[in-house]
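Here are my notes on the model, set out as numbered points. Please read them with the structure open.

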Amino acid sequence: MSVRARDESTAVVFDHVSKRYLLGGGPRQLLLEAFGLTPFLGTVRKPEEFLALDDVTFDIRRGERVGIIGRNGAGKTTLLKLIAGNYAPTSGSIRVNGCVQALMIMGQGFHPDYTGRDNINASLQYNGLSRHELKSAFEDVVDFCELGPFLGQPFKTYSSGMQARLMFAVATAIKPEILIIDEVLGAGDAYFLAKSKQRIERLVGSGCTLLLVSHSMAQVLELCARCVWLDGGRVKADGEAFPIVKAYEEAMY
């Protein structure tokens with residue numbers, strides 16, 4: 001789908017994007033909907049629709065740190081999944097310039113029965129690193145996550161905080177051009193958040209773009225310079241983080 005022309009300093013472009021989900025459909029209906037093939041439902045009774053995103057337009061420039069805030073059901077995770085390529089928009093167009101690493105569901109992409117070391121190796125190999133790059137990235141992950149002997153234990157035995165450490169370490173060791181984080185950092189402690197902030201700042205300094213979804217406004221202010229406030233699938237506000245977070249908290253309370 002064509003998009004408006006943008007210069008290469010733009011990482012993400014949303015151009016009048018809407019996304020509808022089918023509610024209450026069977027497996028066949030859900031499969032067709034996931035691939036954007038709902039016209040082929042034919043004579044099958046079409047389920048009710050839910051408009052998750054409604055005519056959303058914005059640009060994110062390379063190297064920006066953007067917090068996506070809003071109540072549950074506002075469309076935040078849908079927006080991130082569209083950027084990550086998990087879904088196609090129902091209408092409008094999206095352009096993503098760069099390699100995306102997405103931390104959106106705790107444990108996603110990690111085999112629960114594999115050890116931490118096995119999962120690190122599998123994730124790094126999946127991203128096509130050379131032998132030299134893999135060795136360097138593996139050592140970086142082990143050093144950053146600080147899980148020590150627990151790396152020899154199955155991933156399913158890890159606490160949510162330990163899983164968050166390993167997932168974040170792997171995703172950032174690959175040095176993505178666009179890093180998406182959906183609530184995963186919320187499982188970590190203050191020490192882990194401080195380490196993550198330092199690493200994010202280094203990545204952003206090298207040109208990486210950060211998109212963070214969090215219900216912790218302190219975390220958003222700590223990590224992001226810009227905020228996009230979603231409400232009912234629409235952009236309610238977009239700009240400097242502090243005044244938007246302040247307005248959002250006033251609206252909520």
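1. Does Asp55 count as buried, partly exposed or exposed? This is a predicted model, and in it Asp55 has a relative accessibility of 34%. Asp55 therefore counts as partly exposed, since buried means under 20% and exposed over 50%. The residue sits in strand E2. Its backbone deserves a look: phi is positive, about 55°, although Asp55 is not a glycine. Most residues other than glycine have a negative phi.

2. Lys175 also has a positive phi, near 55°, and is not a glycine either. Its setting is a loop, the one between H5 and strand E6 (178-182). Lys175 has 60% relative accessibility, so it counts as exposed.

3. Next, the sheet. Three strands make up an open sheet, in the order E2-E1-E4, with antiparallel pairing. Strand E2 (48-61) and strand E4 (91-96) are the edges, each pairing on one side only. From one strand to the next, the twist averages 25°. Strand E1 (residues 10-23) and E4 run antiparallel and are joined by five bridges. Look at Phe14 to place the pairing: Ile94 in E4 stands opposite.

4. A helix lies over these strands. Helix H2 (residues 76-84) lies across E1, E2 and E4. Relative to E1, H2 runs at about 120°.

5. Now the interior. In soluble globular proteins, nonpolar side chains tend to be buried together. Here the largest nonpolar core holds 44 residues. Ile69, Ile120, Leu124, Leu166, Phe168, Leu179 and Ile181 have the most contacts inside it. Helix H5 (residues 160-173) supplies the largest share of this core, nine residues. There is also a second, separate core of 22 residues, which includes Phe14, Val56, Phe58 and Ile60. Phe14 thus ties two points of this note together: it belongs to the second core and stands opposite Ile94 in E4.

6. Leu124 is a good place to zoom in on the largest core. What does Leu124 contact, leaving aside its neighbours within four places in sequence? The partners are Leu129, Leu134, Ala137, Phe138, Val170 and Ile174.

7. Two packed helices are described by the angle between their axes and the distance between the axes. For helix H4 (residues 131-145) and helix H6 (residues 190-205), the angle is about 140° and the axes are 11 Å apart. H4 contributes Asp140, Asp143 and Phe144 to the contact, while H6 contributes Phe192, Lys195, Ser196 and Arg199. By class, that contact has four charged residues, two nonpolar and one polar.

8. Finally, Thr209, in strand E7 (residues 209-213). With a relative accessible area of 0%, Thr209 is buried, because buried means under 20%. Not counting residues up to four places away in sequence, Thr209 touches Ala11, Ile60, Arg61, Arg62, Gly63, Glu64, Glu177, Ile178 and Leu179. Two of these contacts are worth checking on screen. Leu179 is 30 residues from Thr209 in sequence, yet their C-alpha atoms are 6.1 Å apart. At Gly63, the backbone nitrogen lies 3.0 Å from a polar atom of the Thr209 side chain.

Conventions
Residues numbered from 1 in each chain as written. Predicted model: local features only at pLDDT ≥ 70, side-chain atom pairs only at ≥ 80, totals over all residues. Heavy atoms only, no water. Core = buried A, V, L, I, M, F, W, Y, C linked by side-chain atoms within 4.5 Å. Buried < 20%, exposed > 50% of the residue type's maximum accessible area, 1.4 Å probe, protein only. Helix = DSSP H or I, 4+ residues; strand = E, 2+ residues; numbered from the N terminus. Contact = heavy atoms within 4.5 Å. Axes fitted to C-alpha atoms, helices over the stretch in contact; angles between N-to-C directions. Nonpolar A, V, L, I, M, F, W, Y, C, P; charged D, E, K, R; others polar. Pairing = 2+ DSSP bridges. Polar contact = N/O pair within 3.5 Å; in protein donor to acceptor, adjacent residues only side chain to side chain.
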